[in-house]
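User: I am a first-year student, and I would like a close look at a single part of this model. Please take me through it slowly and connect it to what surrounds it.

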Amino acid sequence: MPAMAPGRRHPDWQALYERAVETTLPWHFPALDPDVKRELQGIRPKVGTLLEVGCGLGNQAHYLRE
């Protein structure tokens, strides 16, 4: 992990998560991630063969289910 700039503290992600609206969190992405979409182009995976190991609100899992 890169060093933080002098005088900067690492954010308290737990405190941020506890008080923020989920859709305003820095890791929230409301659509299918462009990297995932690019990797899936041209393939049709069988149902039950993908594992989405991300964190968040489940948006990626929702799009993958579709």
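How many salt bridges does a search of the whole structure find? Please look closely at the residues involved, and then place them in the rest of the chain.

Analyst: Please keep in mind from the start that this is a predicted model. A search of the whole structure finds one salt bridge, and the two residues whose side chains meet in this salt bridge are Arg38 and Asp35, at 3.3 Å from N to O. That distance can be checked against the cut-off, because a salt bridge asks for a side-chain nitrogen of Lys or Arg within 4 Å of a carboxyl oxygen of Asp or Glu. The side chains of Asp35 and Arg38 also make a polar contact, again at 3.3 Å.

The place of this pair in the chain is worth following on the structure. Asp35 is found in helix H2, and because Arg38 and Asp35 are three residues apart in that helix, which covers residues 34–40, they are separated by about one helical turn. As for its surroundings, Asp35 has a relative accessible area of 43%, so this residue is described as partly exposed, a label that applies to values between the 20% limit for buried and the 50% limit for exposed.

To see where helix H2 belongs, consider the chain as a whole, which has three helices and zero strands and which follows the pattern α-α-α when read along the sequence. In terms of confidence, H2 has the highest mean, at 87, while H1 has the lowest, at 82. For the protein chain, the mean pLDDT is 79, and 88% of the residues reach 70 or more.

Moving from H2 to helix H3, which spans residues 59–65, we meet Gln60, and this residue is a useful contrast to Asp35, because Gln60 is buried, with a relative accessible area of 15%. Leaving aside residues up to four places away in sequence, Gln60 touches Phe29, Ala31, Leu32, Asp33, Val36 and Glu52. Asn59 is also found in helix H3, and its side chain reaches the backbone oxygen of Phe29 at 3.0 Å. With the residues up to four places away again left out, Asn59 touches His28, Phe29 and Pro30.

In the loop between H2 and H3 we find Leu51, which counts as exposed because its relative accessibility is 72%. Leu51 and Leu64 are 13 residues apart in sequence, and their C-alpha atoms are 9.3 Å apart in space.

Helix H1, covering residues 13–19, contains Trp13, which is partly exposed, with a relative accessible area of 36%. Together with Tyr17 and Trp27, Trp13 forms a nonpolar patch on the surface, and the accessible area of these residues together is about 320 Å².

Some values for the chain complete the setting of the salt bridge. Of the 66 residues in the protein chain, 6% are buried, and the chain exposes about 6,100 Å², of which carbon and sulfur atoms supply 56%. Among the contacts with a separation of 6 or more, 56% are between residues 24 or more positions apart. To return to the part you asked about, the side chains of Arg38 and Asp35 form the one salt bridge that the search finds.

Notes:
Residues numbered from 1 in each chain as written. Predicted model: local features only at pLDDT ≥ 70, side-chain atom pairs only at ≥ 80, totals over all residues. Heavy atoms only, no water. Helix = DSSP H or I, 4+ residues; strand = E, 2+ residues; numbered from the N terminus. Buried < 20%, exposed > 50% of the residue type's maximum accessible area, 1.4 Å probe, protein only. Patch = residues over 30% accessible without salt bridge, like charges linked within 9 Å, V, L, I, M, F, W, Y side chains within 5 Å. Areas by Shrake-Rupley, 256 points an atom, 1.4 Å probe, with all protein chains shown as cover. Contact = heavy atoms within 4.5 Å. Polar contact = N/O pair within 3.5 Å; in protein donor to acceptor, adjacent residues only side chain to side chain. pLDDT = per-residue confidence, 0-100.
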